[in-house]
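Please open the structure in the viewer and keep the selection tool at hand. The tour below proceeds from one selection to the next.

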Amino acid sequence: MDYHSFRAFADSWFLLAMALFFLGAILWAMRPGRARREAHEAASTMIFRNEARPEAEPDPEEAK
């Protein structure tokens, strides 16, 4: 396979294959059942799981 035939293949069929793969990856990532909201919530708070919560500061308006 010389350079020109490889270039013609890359410009046509391989470009089409890459575009189809890209669109397939986008559709796969956006499918309805991909992840649950609970899983995202758990992952976002995972680093705080073993930390104590800080005490709430008293509200100056309630002290009056």
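Select Met18 to begin: with a relative accessible area of 47%, Met18 is partly exposed, a class lying between buried (under 20%) and exposed (over 50%), for a 1.4 Å probe and protein chains only. The model is predicted, so local features need pLDDT of at least 70 and side-chain atom pairs count only at pLDDT 80 or more, while totals for chains, interfaces and linings use all residues. Residues are numbered from 1 along each chain as its sequence is written, and side-chain values use heavy atoms, with hydrogens and water left out.

Next, select residues 3-29, which make up helix H1 and include Met18. Helices are DSSP runs of H or I with at least four residues, strands are runs of E with at least two, and both are numbered from the N terminus. The end C-alpha atoms of H1 are 36 Å apart, in agreement with the 39 Å expected for 27 residues at 1.5 Å a residue; the expected span is 1.5 Å times one less than the number of residues.

Move to Ala10, where H1 bends by about 40°, the angle between axes fitted to the seven residues ending there and the seven starting there.

Now select Arg7 and Asp11. These two residues form a salt bridge, their closest N and O atoms being 3.1 Å apart; the term denotes a side-chain nitrogen of Lys or Arg within 4 Å of a carboxyl oxygen of Asp or Glu. Arg7 and Asp11 are four residues apart in H1, and therefore about one helical turn separates them. Arg7 is partly exposed at 43% relative accessibility, and Asp11 is partly exposed at 45%.

Finally, display the whole protein: its secondary structure consists of two helices and zero strands, and 0% of its 64 residues count as buried.
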